[in-house]
Amino acid sequence: MDLEVFRLAADSYHHLLNAELHINEWVQEHLSLAEPLFRFISVYLEPGTLFNVLIPLMGILSQGLLTQLLYMITVVSTVSSLEKWIYPELRPLWWLRELYANGNRNAIRSGIALQSHDLSCETSGGLPCAHSMSLMAFLVILSSHLSLSSGCRNRKVLLYSIVGCCMISVWLSRLYLATEFLHQCLLGSYIAISTLSNIDRHSDYLRSRRRIHLVAIVLLLGSLATAVYFIKLRLGFDPHWSVRQAFKWCPEPTYMRHEGSPIFLLTRDLGNLMGVALSVPLELKPRKSSLSRRFGGILIVEIFNHILRLYTPKQHGRFAFLAFEFSRNALHSLTLIKILPKLIKEKVA
Ligand SMILES: O=P(O)(O)OC[C@H]1O[C@@H](O)[C@H](O)[C@@H](O)[C@@H]1O
């Protein structure tokens, strides 16, 4: 009986994936004119660019906004990379190629075909869509910040319509590149909103925690990820299954980036989270400093961060690479949240 229920659930899930392949195909066939836009969105609105470019840029406006964006998007992105690490879900191209390779093409009625792009070779699992999650969080925080400062109802409606259009463009971009199924995009945005509202609901509790508690939580999450690795090995599952899928189905191995691998994403996000934990207590309404001082301060921090990125040790083994990335990200977020306000503090006359 139990087995029957399990088989039924698996069948329904496979039907869903097959049906969703038609959506990817439809987007590729009908929206090819927008390909430059879709490529731009996938390359420049991804979580890494948010952390290194867009969040610091917005941070020029105010330190409170910078802190809020950094700590909330870090939490949202960590949820995404932990999920991808624990349960990597299929991506459309992998599923389609597997169907054909296993001689199962009858499963798809109309002989579906998807085009693969250089940006289609992601090495992490599909669920949840990290692009949708991080951008959703970014836009929601930004628009609530902007709408708070304006009481005008029409402006709020306009702001939220823009957010809606941006999110639809991100979903279409991921569908067009066949990196995501539709449900992965929708769930990504939903998880981002519910994570944000949970952080908001428990913000007093989170803010009252001592630094040592939050550092312990980050270490605990790191241990959880390590435990998942060994449990998978013990149970005979491949912890790097998604990377192997990418290697198997990507038409050109040079299209794959190690910055997109699940272990790298996790290290980046835990590094950022460690920086946030070390910055506690977070000051969400700090004293104002002039835009020019903020611009200069952030510019210096980002040039320094960029130089560190150029010197990432990629040839000295995985451990050195991950340890460097963890420390660089921790230092980057700690500097933006804690050290920057001290650097640019204006003297009171
Ligand atoms: O889950 P998505 O949207 O396909 O994104 C996969 C990865 O794409 C990479 O480009 C990003 O740097 C990662 O942060 C992201 O996880």
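Which hand does the link of Cys121 and Cys250 have about the S-S bond? The first legend takes that up; every view here comes from a predicted model.

**View 1. The disulfide of Cys121 and Cys250.** The link is right-handed, with 85° about the S-S bond. Its two sulfur atoms sit 2.0 Å apart, and one disulfide is what the structure holds. Cys121 comes from the loop between helix H5 (92–101) and helix H6 (130–148), while Cys250 comes from the loop between helix H11 (241–249) and helix H12 (262–278), so the bond ties together parts that are 129 residues apart in sequence. Both ends, Cys121 and Cys250, are buried.

**View 2. Cys129 and Cys185, two cysteines in no disulfide.** For Cys129, the nearest cysteine sulfur belongs to Cys185, 4.4 Å away. A disulfide needs sulfur atoms within 2.5 Å, and Cys185 likewise has the sulfur of Cys129 as its nearest, at 4.4 Å. Cys129 has 0% relative accessibility, so it counts as buried. Cys185 is buried too, also with 0% relative accessibility.

**View 3. The largest cavity, with Cys121 in its lining.** Searching the whole structure turns up one cavity of 30 Å³ or more. Its volume is about 80 Å³. The lining takes 14 residues, and those nearest the centre are Leu93, Trp94, Ser120, Cys121 and Trp249. H5 and H11 are the elements that each put two or more residues into this lining.

**View 4. The largest nonpolar core, and a second one apart from it.** Zoom in on the largest core and you have 50 residues to look at; Ile55, Leu69, Ile73, Leu135, Phe138, Ile141 and Leu340 are the ones that touch the most other members. Helix H4 (residues 63–86) is the top contributor here, with ten residues. Pick out Leu135 and, setting aside residues up to four places away in sequence, you find it touching Leu45, Leu50, Met167 and Val170. A second, separate core has 16 residues, including Leu17, Leu99 and the disulfide partners Cys121 and Cys250.

**View 5. Gln68 on helix H4.** Is Gln68 buried or partly exposed? Its relative accessible area is 24%, so Gln68 counts as partly exposed; the cut-off for buried is under 20%. Not counting neighbours within four places in sequence, Gln68 makes contact with Ile141 and Leu284. Ile141 also appears in View 4, among the core residues that touch the most other members. Lys285 is 217 residues from Gln68 in sequence, yet their C-alpha atoms are 10.0 Å apart in space.

**View 6. The buried residues of helix H2 (residues 35–44).** Which residues of H2 are buried? They are Phe38, Ile41 and Ser42. Looking down the axis of H2, these buried residues fall within an arc of 90°, so they line one face of the helix. An α-helix has 3.6 residues a turn, so residues three or four places apart point the same way.

**View 7. The largest pocket and the helices around it.** This pocket has a volume of about 900 Å³. Its lining is made of 47 residues, with Glu46, Gly48, Arg257, Glu259 and Arg268 nearest the centre. Helix H3 (47–59) gives the most to the lining, with six residues. At least two residues each come from H2, H3, H4, H6, H12, helix H13 (291–310) and helix H14 (318–343).

Conventions: Residues are numbered from 1 along each chain as its sequence is written. This is a predicted model: local features need pLDDT of at least 70, side-chain atom pairs count only at pLDDT 80 or more; totals for chains, interfaces and linings use all residues. Side-chain values use heavy atoms; hydrogens and water are left out. A nonpolar core is a set of buried Ala, Val, Leu, Ile, Met, Phe, Trp, Tyr and Cys residues joined through side-chain atoms within 4.5 Å. Buried means under 20% relative accessible area, exposed over 50%, partly exposed in between (1.4 Å probe, protein chains only). Helices (H or I, at least four residues) and strands (E, at least two) are DSSP runs, numbered from the N terminus. Contact means heavy atoms within 4.5 Å. The arc is that of the directions from the helix axis to the C-beta atoms. On a 1 Å grid over the protein atoms alone, a cavity is a set of points where a 1.4 Å probe fits but cannot get out, and a pocket is an open set with protein on both sides within 12 Å along at least five of seven lines; lining residues have an atom within 4 Å of a point. Grid points are joined across faces, edges and corners, and a volume is the space filled by probe spheres set on the points.
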